[in-house]
Amino acid sequence: MKRFLNRINNLKKSLTKIKVTGFLVTNRTNIFYLTGFNGSSGSLLITRTKTILFTDPRYIERAKYTIPKFIQVKDPKEEFQKTLKSLRIKNLGFEGNSVTVNNLKKLKKLSSKIKFKDFSGEIEKLRAIKDPHEIKLLKRSQEINLKTFGLIKKVIQKHQSTGKKLREIDVVWEIKKVGFDLGAEDVSFDPIVAFGKNTSIPHHDSGNTNLKKNDIILIDMGMKYKGYCSDMTRTILPKNPTKLQKEVYKIVEQAQRNALDKAKNKMVEQKIDSLAREIIEEAGYGENFIHGTGHGVGLEIHESPSLKESKENKTRIQPNMVVTIEPGIYLPGKFGVRIEDIILIGLHKSQIFD
Ligand SMILES: [Mn+2]
């Protein structure tokens with residue numbers, strides 16, 4: 001439970017920077033990160049001396065036995081307004097990226113003397129750098145993911161050799177089932193399973209397409225383990241790939257390798273993107289790489305940092321960030337290739353989760 005105290009203390013350091021006397025955390029994932037509470041309703045008030053979780057009566061008991069003892073639990077109906085008053089909060093930070101316009105109005109009405117300040121993104125910044133506990137869970141999550149893929153690949157090969165019917169959505173269901181059997185609590189997003197031409201759509205909506213013997217296959221999948229998401233994409237070339245398929249696969253593989261090997265501490269976000277992009281551009285497929293090279297992964301499947309080609313992405317990569325590297329080439333109407341893995345940024349070297 002020490003980790004929650006550490007995280008909350010880290011957040012408190014920015015009270016002065018934001019110039020507020022308290023933070024009101026409303027984003028569910030951020031509340032889970034700071035307290036371990038995963039109920040569907042709640043807000044967390046953090047001041048220099050107090051941490052209070054407000055949640056309705058359905059969750060009060062549950063909160064008490066899941067969160068650390070130093071966090072008080074209160075019913076907002078009875079005590080929210082009173083607490084703000086008694087703690088003499090004058091400036092309150094709120095999460096503009098999670099509070100609805102209506103709720104902010106209500107909040108302002110409830111506490112007319114308080115000045116509100118948006119502190120969106122502060123907790124997300126902390127979350128981008130993983131502690132040892134989180135790294136352990138992320139590794140385990142990806143381990144289950146890789147194992148699941150291994151078994152799914154066998155199912156596919158069996159169907160390909162026997163000619164038995166297999167739809168994309170059958171594979172989606174199989175991934176969910178096998179992942180759960182191997183210890184995941186859920187998938188981190190609906191698996192993307194694409195057969196043949198459908199692989200040229202980066203985020204294909206898996207459907208009733210049947211697998212054909214010489215189909216190229218793309219599977220993008222992730223598991224959730226104790227709240228932590230994994231993410232991985234594999235493209236399976238057919239037994240008799242075309243020359244173009246082999247060529248494109250090789251380029252994507254090289255692009256990914258370059259980024260996996262060279263992504264390191266202190267690089268700016270967009271530089272990591274260009275490690276993969278340059279190789280694809282040089283090969284003449286720049287226009288067919290239509291998304292960013294990667295993203296942070298943790299309690300959410302997409303989180304900070306953002307490894308995209310954008311002038312805004314100038315944040316420097318730091319040790320213990322966990323990011324995906326997933327270049328792709330998509331040839332509309334023909335096929336697509338994407339390969340994705342997760343790396344842990346180290347002080348000197350990055351480590352791939354495999
Ligand atoms: Mn991804």
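In what order do the six strands of the open sheet lie? The order is 4-3-2-1-5-6, and the pairing is mixed. Strands, like helices, are DSSP runs numbered from the N terminus, with at least two residues (E) for a strand and at least four (H or I) for a helix; two strands count as paired if DSSP finds at least two bridges between them. The structure is a predicted model, in which local features need pLDDT of at least 70 and side-chain atom pairs count only at pLDDT 80 or more, while totals for chains, interfaces and linings use all residues. Residues are numbered from 1 along each chain as its sequence is written.

At the edges of the sheet are strand 4 (72-74) and strand 6 (115-118), each pairing on one side only. On average, neighbouring strands are turned by 25° against each other, direction ignored; the axes behind such angles are lines fitted to C-alpha atoms, and angles in general run from 0 to 180 degrees between N-to-C directions. Strands of a sheet pair through backbone hydrogen bonds, either parallel or antiparallel. Strand 2 (residues 43-47) and strand 3 (residues 51-54) take the antiparallel sense, over four bridges, and leucine 45 has isoleucine 52 in strand 3 as its bridge partner.

Next come the domains. An automatic or database assignment divides the protein chain into domain 1 (2-127) and domain 2 (132-352). Their centres, taken over C-alpha atoms, are 35 Å apart. Seven residues of domain 1 are in contact with seven of domain 2, where contact means that C-beta atoms, placed from the backbone, lie within 7 Å. On the domain 1 side, helix 3 (28-35) and helix 7 (122-127) each supply at least two of the touching residues.

The interior can be followed through the largest nonpolar core, which has 85 residues. Such a core is a set of buried Ala, Val, Leu, Ile, Met, Phe, Trp, Tyr and Cys residues joined through C-beta atoms within 7 Å. Domain 1 and domain 2 each give this core at least three residues. Among the residues with the most contacts inside the core are Val25 and Ile251. Beyond its neighbours within four places in sequence, valine 25 contacts residues including Leu34, Ile46 and Ile123. Isoleucine 251 belongs to helix 10 (residues 243-262). Why is isoleucine 251 called buried? It is buried because 21 other C-beta atoms lie within 10 Å, and the cut-off is 20 or more (12 or fewer is exposed, in between partly exposed). With the same neighbours in sequence left aside, isoleucine 251 is in contact with Ile279, Ile280, Ala283, Tyr285 and Ile329.

Conventions: Two residues are in contact if their C-beta atoms, placed from the backbone, lie within 7 Å.
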